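User: Hi, I'm new to reading structures. Could you walk me through this one?

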Amino acid sequence: MKQFSVFLLILVLCGCSSAPPTGQQIYLLNIDAPHSSPGGKNIKQLVVVEKILLAEYLKRPNLVMQVDGNQLYYSDIDLWAENLQTDVHKTLTAWLNDRAKHTRFVAYNSPEARLDLKHLVVSIEHFMPTDQGTVVSNGQYWWVENSKMDNPTSQNSFSYESALTQKGYSHSVSQLAQQLAQLSTQIIKDVE
C-alpha cells in the first residue's frame with residue numbers, strides 16, 4: 001500500500017510539472033485602429049461603407065496562410081476574435097474617418113446610412129501571410145451613387161504586399177491592419 005501511494009504521488013507530481021497544452025491564439029485586427037471622432041472636421045459629404053465582400057475562403061474563423069503558390073493552410077489554433085468581415089469593416093472605417101478631411105464615413109447599418117448617399121463597396125480577394133515571408137491583400141472597391149447598387153460609378157483595384165520582419169501570426173495581423181490603413185489613404189485620394 002505504501003509503494004502504491006508513492007507511485008501515485010509520483011504520477012501526480014509528473015502531471016503537474018508537464019507543460020500545459022498549447023491553447024488557441026485569438027487575434028483582433030482593429031486593435032491599433034484610430035478611435036477618432038468625426039467632430040470638428042469641415043464635413044462636406046457623408047459616405048456609407050457597405051458590408052465588406054470577402055472571398056469565400058476568408059469566411060472562416062481560422063487564420064489562413066498561402067503556401068506552395070496555390071495551396072492554403074488554415075491554422076487550427078490561430079483564430080480571428082470576431083468575424084473577419086466585421087473586423088475589416090470596423091478597421092477600414094476607422095482609418096477612413098481618421099484620414100479624411102472633408103468626408104465622414106458611416107457603416108451600412110448606421111442610422112445615418114441612407115440610399116441617396118454615396119456608397120463605398122470593398123471586395124477583398126486575398127488577405128493573408130504567405131510562406132515566402134510576405135503579407136498580401138488585394139481586391140477592388142467601387143463607388144455607387146443614388147442607391148444604384150448594380151451600377152457603380154467607378155471601380156478601382158488595390159494590391160499591397162509587405163515583408164514580414166518577425167515570425168508568427170501576430171506580426172502578420174499587424175501588417176494586414178497596416179495594409180488597410182494604406183487602402184484608406186488610396187480611397188481618400190479618390191473621394192476628396
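User: What area does the protein chain expose, and how much of it do carbon and sulfur atoms supply?

Analyst: This is a predicted model, by the way. The protein chain exposes about 11100 Å², and 53% of that comes from carbon and sulfur atoms.

User: What makes a residue buried, and what percentage of the protein chain is buried?

Analyst: A residue is called buried if its relative accessible area is under 20%. Of the 192 residues in the protein chain, 43% are buried.

User: How many helices and strands are there, and in what pattern?

Analyst: You get three helices and nine strands. Along the sequence the pattern goes α-β-β-β-β-β-α-β-β-β-β-α.

User: Why do S1 and S5 count as paired?

Analyst: Pairing takes at least two bridges between two strands. S1 (residues 25–27) and S5 (residues 71–80) are joined by three bridges, so they count as paired. These two run parallel, and Gln25 sits opposite Asp78 in S5.

User: And how do you know that S4 pairs with S5?

Analyst: Same kind of check. S4 (residues 62–67) shares five bridges with S5, and the cut-off is at least two, so they pair. Here the sense is antiparallel, with Met65 opposite Tyr73 in S5.

User: What sits between the strands in the hairpin of S4 and S5?

Analyst: Three residues. In that hairpin, Asp68 takes a positive phi near 50 degrees.

User: What percentage of contacts join residues at least 24 apart?

Analyst: Counting contacts between residues at least 6 apart in sequence, 69% join residues at least 24 apart.

How values were computed:
Residues numbered from 1 in each chain as written. Predicted model: local features only at pLDDT ≥ 70, side-chain atom pairs only at ≥ 80, totals over all residues. Heavy atoms only, no water. Helix = DSSP H or I, 4+ residues; strand = E, 2+ residues; numbered from the N terminus. Buried < 20%, exposed > 50% of the residue type's maximum accessible area, 1.4 Å probe, protein only. Contact = heavy atoms within 4.5 Å. Areas by Shrake-Rupley, 256 points an atom, 1.4 Å probe, with all protein chains shown as cover.
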